[in-house]
Amino acid sequence: MKSYSIKELLSSNLSLQEVSVEGWVKTFRSNRFIALNDGSVLSNIQCVVDFENFDEALLKQVSTGAALKISGTLVESQGRGQSVEIQVKELEVLGTSDPDTYPIQPKKHSLEFLREKAHLRVRTNTFAAVMRVRSALSFAIHKYFQDNGFYNVHTPIITGSDAEGAGEMFRVSTLDQKKPPLTEDGEIDFKQDFFGKETNLTVSGQLEAETFAMALGKVYTFGPTFRAENSNTSRHLAEFWMIEPEVAFNDLDANMDLAEDFIKDVINYVLENCNEDLQFLEKRLIDEEKTKPQAERSDMPLIEKLKFVADNNFKRVSYTEAIDILKNCKPNKKKKFQYVIEEWGADLQSEHERYLVEKHFNCPVILFDYPADIKAFYMRLNEDGKTVRAMDILFPGIGEIVGGSQREERLDVLKEKVAALGIDEEELWWYLDLRKFGTAVHSGFGLGFERLVLFATGMGNIRDVIPFPRTPQNAEF
Ligand code: 4AD
C-alpha cells in the first residue's frame, strides 16, 4: 500500500483509495478518533478506528506523542472539521509515548515552558508552523538571489579578522586553557595555536564577500554568525543566521533599492506559499494580544501587516532628519525615553527606532547617512567628512532588521580610518588589496534571518524562531 504524507492526502483526490500514512498522535478521542500529524502540514488527518476490530492492549498504546503507521481507506469525512478521513484497517504502533511523562500534552503550553523542551517543541502546532515558515523563507531567499543573477559564496566561519570592529567574538583555540604557552612578555602565544594566530568565530561574512563581489559582481552569503554580546533581549542571539549580499558598482541608493525589493519578494513568497501556517499564526497572535493592555496591542493582523510591508514603499529618511524628529517628539521632551536624544551624533537605541517606525512614520523606514563615529570602519565617508553612506532598515515590532552600507573604495581614506581606529593594517592586508587592484564603488547589507522570521511569523521572542537558541548562559541541546 502506498505511503503518503498528510499534505498529499489532504491536497490530492485519492478518495476511496487504500493509503498508508505515518505520523505522531495529537489526540485520541472516544477510543475511536485518532488525530495524526506528520509535520508535512499544520492539519492533522483524522483516522477512524472501529475499536471492536482491534486489540484493546494495542489501542491503549495509542496515546499523544506515539508514532503510528496507519493503513486504510481514504473516505469523505462524516464529521465536521475535515474533508477526508481514513477508515483504519491496519494500525501499527511504531513507538509508544508514556502519557504520564510526555511533556507536550494536547493543551496550551507557555512559550517559556516549551523553550526548556526545545527538542520536542517543534511537535506543537505553533513551532511546527514557525519552522515551516522559516524553511520557506530560507528557500525564498536563495531563490530571489539565484533568479536575479547573484552567486552564493560560502564565507569562512573561522576568521582572523573582526569585520564589525566591535570585538564581541568567540575565540577559537586548541591551546591548553589551563596552561597556555606564553610569550616572553607573558602574553598568550597564539603563534603556537592551531592556526598560528588569534582566531574567532565570524561576526559577519562581509569582508570576504567583498572580495568575491569584486570578481563575480553580484554575490550573497547566507550563513551562521556569532556574537558574544551580552544582550539578553528578545531580539538578540549569540548564534544567528545572516544573509549578506554584496554588489560591485552599486551605490547606496541601489543598495537600498535591492534591500527593499528583496524583502518584499521573500515576504510575498511566504504569503503565497504558507497560507495555512500564517493563518494559524495570525490567530495565535490575536489570542496573545488579547492578554495585553489595549495600548500595547498591535493594530494590524499578521497577514495584513505582511501585505502592507510587501505593497508599500519603505520611507527613506536621513539620520539627520530622524534626529530632528526624535529631538522634538513628545516622549523625548517629556523624558519618557530611557536615553533622551540631546544632540546630533547620538546612537539610536531600539526605543528610538521603534518610535520612528511605529509612531511617527507607521511603515518600514530606511535610515541613511549616519555619523561616521557610530558606524563600522569600512563605510564610505561622505563629502561632509562626518557622515558615512550607511543604511539601517527598521521594521515595526522588530526595530533594526538590516544593516548595510556603500563601502569605502578609496585606499587612502580607508587606510586613514583603519589607522585612526588603531586597527592593525597587517590584519587587513588582503582587504586593503581590493582597493589597490581595480577598486570600484560597491555596496551590500546584512539581513538578520531570525529577525525576518520574527516579523513574518508574528512571534515575540527571537528564541522562538530558531530551532535551538544560543543566548548568554544557554547552550542546551
Ligand atoms: O548591522 P550588522 O551588525 O551588520 C553587519 O554585520 C554587516 N557586516 C552587514 C553587511 O553590511 N554585510 O548586522 C546585520 C543584521 C542586523 O540588522 C540584525 O538584523 C542582525 O544582523 N543581527 C542580529 N540578529 C540576531 N542577534 C544578534 N545578536 C544580531 N546582531 C545583528
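**Figure 1. Helix α5 and the elements packed around its buried residues in the predicted model.** Helix α5 comprises residues 206-216, and its buried residues are Gln206, Leu207, Glu208, Ala209, Glu210 and Ala213. The partners against which these buried residues pack are the strands β7 (158-159), β10 (218-226), β11 and β16, together with helix α13 (429-433). Just beyond the helix, Gly217 adopts a positive phi of about 90°. An α-helix has 3.6 residues a turn, so residues three or four places apart point the same way. Within α5, Gln206 and Glu210 are both buried, and Gln206 also appears in the ligand view that follows, as one of the residues that come nearest to the ligand.

**Figure 2. The residue shell around the ligand.** The ligand is surrounded by 24 residues, of which Glu164, Gln206, Glu229, Glu244 and Glu400 come nearest. Strands β11 (239-248), β15 (399-406) and β16 (442-448) each contribute at least two residues to this shell. Strand β15 provides the largest share, with five residues.

**Figure 3. Backbone atoms facing nitrogen and oxygen atoms of the ligand.** A polar backbone atom of Leu237 is placed 2.9 Å from a nitrogen atom of the ligand. At Val402, a backbone N or O atom lies 3.4 Å from a ligand oxygen atom. At Phe445, a backbone N or O atom lies 3.4 Å from a ligand nitrogen atom. On its own the ligand has 630 Å² of accessible area, and the protein covers 93% of this.

**Figure 4. A cluster of aromatic residues that includes Phe445.** Ring pairs join Phe445 with Tyr144, Phe145, Phe150, Tyr220 and Phe262 into a cluster. Phe445 thus belongs to this cluster and also has a backbone N or O atom 3.4 Å from a nitrogen atom of the ligand.

**Figure 5. The ring pair of Tyr319 and Tyr370, with Lys375 over one ring.** A pair of aromatic rings is described by the distance of the centres and the angle of the planes. The count of aromatic pairs in the model comes to 19. For Tyr319 and Tyr370, the ring centres are 5.5 Å apart and the planes meet at 40°, so the pair is tilted. Tyr319 belongs to helix α9 (residues 319-327) and Tyr370 to strand β13 (residues 365-371), so the pair ties together parts that are 51 residues apart in sequence. Both Tyr319 and Tyr370 are buried. Lys375 is positioned over the face of Tyr370, 4.2 Å from the ring centre.

**Figure 6. The edge-to-face pair of Phe337 and Tyr355.** The two ring centres are separated by 6.0 Å and the planes stand at 85°, so the pair is edge-to-face. Phe337 is located in the loop between α10 (330-333) and α11 (350-361), whereas Tyr355 is in helix α11; the pair links distant parts of the chain, 18 residues apart. Phe337 has a relative accessibility of 8% and therefore counts as buried. Tyr355 is likewise buried, at a relative accessible area of 17%.

**Figure 7. Lys386 over the face of Trp344.** Lys386 lies 4.4 Å from the centre of the Trp344 ring.

**Figure 8. The surroundings of Arg284 in helix α7.** Arg284 is part of helix α7, which covers residues 275-290. Its relative accessibility is 11%, under the limit of 20%, so Arg284 counts as buried. Apart from neighbours within four places in sequence, the contacts of Arg284 are with Leu111, Thr126, Gly458 and Met459.

Methods
Residues are numbered from 1 along each chain as its sequence is written. This is a predicted model: local features need pLDDT of at least 70, side-chain atom pairs count only at pLDDT 80 or more; totals for chains, interfaces and linings use all residues. Side-chain values use heavy atoms; hydrogens and water are left out. Helices (H or I, at least four residues) and strands (E, at least two) are DSSP runs, numbered from the N terminus. Buried means under 20% relative accessible area, exposed over 50%, partly exposed in between (1.4 Å probe, protein chains only). Contact means heavy atoms within 4.5 Å. Rings of Phe, Tyr and Trp (its six-membered ring) pair if their centres lie within 6.5 Å; planes under 30 degrees apart count as stacked, over 60 as edge-to-face and the rest as tilted. A charge sits over a ring if NZ of Lys or CZ of Arg is within 6 Å of the ring centre and within 35 degrees of the ring normal. A residue is near a molecule or strand if one of its heavy atoms lies within 4 Å of it. A polar contact is a pair of N or O atoms within 3.5 Å; within protein, one must be able to donate a hydrogen and the other to accept it, and residues adjacent in sequence count only if both atoms are side-chain atoms. Accessible areas come from the Shrake-Rupley method with a 1.4 Å probe; for residues, only the protein chains shown count as cover.
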